[in-house]
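Student: I'd like to get to know this one from scratch. Please take it step by step.

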Amino acid sequence: MKNIKTDKADILLIAIGNSGRRDDGLGWEFADKVSRSCGSLIDCEYRYQLQIEDAVMVSRYDTVIFADASHTELKEGFEVKPCLAAPHYFFSSHMQSPETILYLARELYNKTPEAYTMAIAGHDWGLGKGLGKDAELNLQKAISFFEKEFVPAVRKTA
């Protein structure tokens with residue numbers, strides 16, 4: 001639901017990926033489809049990779065979902081897990097984990113949103129547009145789960 005004072009939703013979906021590398025675009029496709037079904041109930045942001053600057057954005061929301069493609073074969077084709085703050089940094093400030101972004105939001109802004117990771121299994125990482133058939137199926141499973149488990153809760157608060 002949009003907060004009248006801030007003109008933002010309570011939930012932020014951060015889609016991570018690269019639609020120019022086939023299945024690596026799963027996070028972005030997930031956000032595209034979720035934003036069409038949820039409209040203004042969820043704010044969506046698109047990233048090639050997370051950066052330390054994303055901590056300030058994350059600190060402004062009650063709930064954050066990080067959606068990304070996974071190289072791991074996942075039993076259901078996707079996996080949702082709670083995401084907890086953790087202070088592990090990558091060498092470059094231009095590539096950080098969701099856990100690190102949450103850690104920075106807590107340490108710098110004293111904010112700890114409820115957070116989840118949504119991993120969607122991909123298979124084709126070559127250059128090109130469009131998802132592979134298996135990735136498309138996994139995306140549909142992830143969207144069905146999201147619409148069943150997350151969207152009703154979002155609509156209740158609207």
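Tutor: First, a sorting rule: Ala, Val, Leu, Ile, Met, Phe, Trp, Tyr, Cys and Pro count as nonpolar, Asp, Glu, Lys and Arg as charged, and the others, Gly among them, as polar. This is a predicted model, where local features need pLDDT of at least 70 and side-chain atom pairs count only at pLDDT 80 or more, while totals for chains, interfaces and linings use all residues. Residues are numbered from 1 along each chain as its sequence is written, and side-chain values use heavy atoms, with hydrogens and water left out.

Student: How many helices and strands does the protein have?

Tutor: Helices (H or I, at least four residues) and strands (E, at least two) are DSSP runs, numbered from the N terminus. Walk along from that end and you meet β-β-β-α-β-α-β-β-α-β-α-α. Tally those up and you get five helices and seven strands.

Student: What percentage of the 158 residues counts as buried?

Tutor: Buried means under 20% relative accessible area, exposed over 50%, and partly exposed in between (1.4 Å probe, protein chains only). Of the 158 residues here, the buried share is 46%.

Student: Which element gives the largest share of the largest nonpolar core?

Tutor: A nonpolar core is a set of buried Ala, Val, Leu, Ile, Met, Phe, Trp, Tyr and Cys residues joined through side-chain atoms within 4.5 Å. The largest one here has 28 residues, and Leu13, Phe30 and Met118 are among those with the most contacts inside it. Strand 3 (11–16), helix 1 (26–38), strand 4 (42–47), strand 5 (63–70), strand 7 (114–121) and helix 4 (133–149) each give two or more residues. The largest share, six residues, comes from helix 1.

Student: How many residues are in the second, separate core?

Tutor: Ile14, Phe66, Cys83 and Leu104 are included in that second core. Its size in residues is 17.

Student: Which residues is Asp54 in contact with, leaving aside its neighbours within four places in sequence?

Tutor: Asp54 sits in helix 2 (residues 54–58). Asp54 counts as buried because its relative accessibility is 5%. Contact means heavy atoms within 4.5 Å, and beyond those sequence neighbours Asp54 touches Arg47, Gln49 and Ile101.

Student: What class do eleven residues of the lining of the largest pocket belong to?

Tutor: On a 1 Å grid over the protein atoms alone, a pocket is an open set of points where a 1.4 Å probe fits, with protein on both sides within 12 Å along at least five of seven lines; lining residues have an atom within 4 Å of a point. There are 18 lining residues, with Ile16, Asp68, Ala69, Ser97 and Pro98 the closest to the pocket's centre. Strand 5 brings the largest share of the lining, four residues. Four lining residues are polar and three charged, while eleven are nonpolar.

Student: Is Arg22 buried, partly exposed or exposed?

Tutor: Arg22 is in the loop between strand 3 and helix 1, and its phi is positive, near 50 degrees, though it isn't a glycine. Most residues other than glycine have a negative phi. With a relative accessibility of 22%, Arg22 counts as partly exposed.

Student: And Asn110, is that one buried or exposed?

Tutor: Asn110 also isn't a glycine, and its phi is positive at about 55 degrees. Look for Asn110 in the loop between helix 3 (98–109) and strand 7. Since its relative accessible area is 68%, Asn110 is exposed.
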